[in-house]
Every structure is written in structure tokens, then in C-alpha cells.
Amino acid sequence: MTVPPPPPPPTSNDLSARRRSGVRPGLILGSAFTLVAAWLLLVITPGSHAEERAFRAAVACPTPHNAGSDSDCLRTVPAVIDRTEKVTRSKSASYWLYITEADGTATRTRINGSPREHPGAQAGESVEVTYWRGQIRYADLASERRPTNADPRGSYRIPLTLGLGLGLYGAAFLAGAAAMVRATRLSVRAHSWQAGLTVTGGTVLAAFGALAPWLTDSIAEALQLTGLATVVVLALCALAVPLLRRRDRGDDDTITLEPSVLTEELCFPGLIMGEVPYANGAGYLIAGPGLLATTPDPTGVFHRRSAARTLTPLRLRPPYLTDPAGRPDYDGRAVVLECEDNGVPVLVITRKKDAPAVLGALGPVRAE
């Protein structure tokens with residue numbers, strides 16, 4: 001039996017709507033991520049960096065006891081430790097240091113680590129705490145100075161990490177959507193290598209951009225490192241383009257898989273689509289020796305509906321935009337087995353890793 005050729009490039013309004021629906025999520029996510037990243041990079045990160053510079057430039061107050069609580073100078077006051085308390089709702093180890101200052105003011109501040117690691121962090125010990133703009137920025141415990149969680153030094157790293165990561169990830173979505181628009185004008189495949197390569201490269205770059213602030217000592221160095229990584233990723237993507245284009249060349253996109261030798265029944269996600277009585281959106285397929293059935297039960301026990309013995313596999317291929325509405329995607333891992341049943345077209349959709357079991361149940365694809 002002759003293998004049917006791939007369908008011609010679609011021009012229908014329905015297919016145009018599917019193209020738009022496939023691109024729309026990337027545009028929405030990419031735009032949202034980019035806007036949030038712009039706010040983080042242009043507003044929050046510069047603000048945090050400016051606060052750090054101001055703190056580093058601050059000097060001791062000339063009259064510490066008379067300085068205001070929100071003063072820009074460093075106000076150091078003596079205190080006595082009342083107790084410490086471990087912070088339980090935190091991913092990193094930290095503790096509360098409860099103190100009473102010389103004027104009787106009772107307060108607390110949060111310090112990273114454990115009291116056992118810090119000499120002098122014991123009840124009854126003397127301590128000096130330093131205020132800046134109304135918050136305790138560091139504490140002198142015995143001979144050790146410990147920054148508090150209000151220390152602004154390095155605080156720019158978190159918004160910069162989020163800004164670079166979200167910004168590059170959003171750019172990857174936008175570029176992937178643009179690549180998908182271009183690719184769908186040339187092919188009916190639901191997933192193009194152009195979009196896949198763009199999103200993959202952007203994701204790798206986003207991960208590196210999020211890591212860059214922690215590998216450097218300033219915003220400028222983080223941006224330079226991210227720029228260098230961008231050049232490397234773009235170069236690798238450029239090298240991958242000829243290889244992917246060569247693999248994609250030609251009209252035949254048939255996928256070749258060896259059928260599984262089935263000795264027992266297997267149940268996995270999948271469905272059968274077509275104008276046949278056993279086609280439905282049940283959600284699961286059962287494949288066994290000489291048996292292919294659908295079921296809504298993930299255990300494969302109840303409401304089984306067997307496919308006809310006349311169902312014949314013709315060709316295994318990637319998903320197309322021209323496939324019927326409702327075809328599952330399985331997170332980009334779906335494949336489509338084109339079949340016929342006494343001349344009626346039938347599609348069996350499942351994940352690529354489960355397709356050999358379907359072929360094992362129906363028999364091998366007929367050669368041309």
C-alpha cells in the first residue's frame with residue numbers, strides 16, 4: 001500500500017486560527033516576563049545598588065546618642081543579649097537576636113547562621129549594634145562582626161538575578177513565537193525546529209543570566225558576563241542551524257520506530273481520532289498482543305473499547321497543524337500514527353515512547 005504523502009500547505013481560516021492560538025501563549029508570556037524584567041532591572045536593581053553605595057559611604061554619627069533613628073550616618077549603641085531564637089520558616093539557617101539597648105529599648109534583629117557558630121551570641125553577653133536609616137545593619141558579637149538581614153550590601157543581586165533571568169526567558173518566548181510564525185508558513189508541523197532551537201537557546205541563556213550576579217562583584221561585571229554568554233549561545237545556535245536544516249530537508253517526515261514485542265497488556269496516555277465507532281477522547285490506550293483499546297481508566301480495567309482488527313497502520317509522523325481539533329500534545333512529546341480502517345482515515349495519538357507498543361499491538365507499518 002502506498003504511504004500517503006504529507007498534506008499540502010494549509011491556507012484555511014481554521015488553520016490560521018490554530019497558528020495564532022499556538023503563537024499567542026508565547027507572545028503573552030514573553031511580554032509579561034519582559035515587562036516584569038524591565039521593572040526589576042530599571043527600577044528595583046538601581047535602587048538597591050544606590051542604597052548599597054550610600055551605606056558604604058556612610059560614616060559614624062558625630063553624636064551617636066543624639067542622632068535620629070532614620071539618620072544617614074552610622075549610629076552604634078551598646079546592648080545586652082536577652083536570648084536567641086531559631087528562624088524555622090527559612091530555607092537557610094538564621095536566628096533572631098533579641099537585645100535590650102542601654103536606654104532600655106528592647107528590639108531584635110535577624111542574623112544568618114546559627115548562634116553556636118557565632119561567639120558571643122549568648123544570653124547575657126554584651127553586644128554593639130549599628131543602625132543606619134532606622135534599621136540594624138550589623139552587630140558586633142564579642143570579636144566578630146555579623147551583618148544582619150538588613151545589610152544592603154549585595155542586595156542588588158536578587159532583583160538583578162530575577163530581572164536577567166525573566167528578561168532573557170521572555171525574549172526567548174518572543175523569539176520562539178516569531179520563529180514559529182515563520183516556520184508555519186513553510187510547513188504544517190506543529191513543532192518546528194526553529195522555534196525549539198530558539199526557546200532552548202534562550203532558556204540556557206536565561207539560566208546563565210540568573211547565575212551571573214552571583215559569579216561577579218558588580219552589576220557591570222554581571223552584564224558583561226551575560227553578554228559574553230549571549231555571544232557563545234548565539235554561536236552554538238548558529239552552528240546547530242545547518243545540522244537541523246539538513247535533517248529537516250525533504251518532504252517525508254516519517255518517523256521510524258521498531259514495534260515492541262508485547263507479552264502483556266500495557267496502559268498509557270493516548271486516544272484514537274476518526275469516523276469510526278471506537279474513536280473517542282477517553283484519554284488512555286491499552287496495547288496487548290493483538291489488542292488495541294481505549295479507556296478512561298488509567299489502570300486499564302474499566303470501560304474498554306477495542307479497536308477493530310481491520311485497523312491498519314500506514315505512517316508514523318510528527319503532529320500537524322492540520323490534525324483535528326482536540327489532538328493532545330503531551331508536552332511536545334506526541335506522535336501521530338496514521339491508520340485506515342476499510343478506507344476510513346484514523347489517527348492514533350500517543351507519546352513517542354509509547355508508540356512502539358501501539359505498533360506492536362497493530363503490527364508493523366506497511367511498506368510502500
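A salt bridge is a side-chain nitrogen of Lys or Arg within 4 Å of a carboxyl oxygen of Asp or Glu. By that criterion the structure, which is a predicted model, holds 16 salt bridges. Several of them are taken up below, after an outline of the chain.

The chain has 368 residues, of which 41% are buried. Its secondary structure consists of five helices and 13 strands. Among contacts between residues at least 6 apart in sequence, 58% join residues at least 24 apart. The accessible surface comes to about 20200 Å², and carbon and sulfur atoms account for 57% of that area.

Helix H1 spans residues 13–57, and both Glu52 and Arg56 lie in it, four residues apart, or about one turn of the helix. Their side chains meet in a salt bridge with an N to O distance of 3.0 Å. The two partners differ in exposure: Arg56 is exposed at 55% relative accessible area, whereas Glu52 is buried at 8%.

The residue before Glu52 in the numbering, Glu51, enters the account through Arg137. Arg137 sits in strand E5, residues 135–141. Side chains of opposite charge can pair when their charged atoms come close. Arg137 is buried yet has no salt bridge, and the nearest side chain of opposite charge, that of Glu51, is 4.1 Å away. Because a salt bridge requires the nitrogen to be within 4 Å of the carboxyl oxygen, the pair of Arg137 and Glu51 at 4.1 Å is not counted as one. The side chain of Arg137 does reach the backbone oxygen of Trp132, at 2.9 Å. Leaving aside residues up to four places away in sequence, Arg137 touches Glu51, Phe55, Thr130, Trp132, Pro147, Thr148, Ala150, Asp151 and Pro152.

One of these neighbours, Asp151, has a salt bridge with another arginine. Asp151 pairs with Arg153, the closest N and O atoms being 2.6 Å apart. Asp151 counts as buried at 13% relative accessibility, while Arg153 is partly exposed at 38%.

Arg133 belongs to the loop between strand E4 (126–132) and E5. Most residues other than glycine have a negative phi. Arg133 departs from this, with a positive phi near 55 degrees. At 35% relative accessibility, Arg133 counts as partly exposed.

Further along the chain, a nonpolar surface patch of about 600 Å² is made by Ile158, Leu162, Phe208, Leu211, Trp214 and Leu215. Helix H2 (157–184) and helix H3 (193–215) are the elements that give two or more residues to this patch. H3 supplies the largest share, four residues. Phe208, placed in helix H3, is partly exposed with a relative accessible area of 33%. Patch membership needs over 30% relative accessible area, so a nonpolar residue can belong to a patch while being only partly exposed.

The remaining features lie toward the end of the chain. A network of salt bridges links Asp253, Arg315, Arg317, Asp323, Arg327, Asp329 and Glu338. Arg351 also forms a salt bridge, with Asp354, where the closest N and O atoms are 2.9 Å apart. Both partners of this pair count as buried: Arg351 at 17% relative accessibility and Asp354 at 11%.

Asn342 is placed in the loop between E12 and E13. Phi of Asn342 is positive, near 55 degrees, in a residue other than glycine. Asn342 counts as exposed at 67% relative accessibility.

Helix H5 covers residues 355–362, and seven of its eight residues are buried, so the helix is largely enclosed by the rest of the structure. The buried residues are Ala355, Pro356, Ala357, Val358, Leu359, Ala361 and Leu362. What do the buried residues of H5 pack against? They pack against six strands named here in order: E7 (266–274), E8 (284–288), E9 (291–295), E11 (311–317), E12 (334–341) and E13 (344–351). Just after H5, Gly363 takes a positive phi of about 100 degrees.

Conventions
Residues numbered from 1 in each chain as written. Predicted model: local features only at pLDDT ≥ 70, side-chain atom pairs only at ≥ 80, totals over all residues. Heavy atoms only, no water. Patch = residues over 30% accessible without salt bridge, like charges linked within 9 Å, V, L, I, M, F, W, Y side chains within 5 Å. Areas by Shrake-Rupley, 256 points an atom, 1.4 Å probe, with all protein chains shown as cover. Buried < 20%, exposed > 50% of the residue type's maximum accessible area, 1.4 Å probe, protein only. Contact = heavy atoms within 4.5 Å. Lys, Arg positive; Asp, Glu negative; His and termini not counted. Polar contact = N/O pair within 3.5 Å; in protein donor to acceptor, adjacent residues only side chain to side chain.
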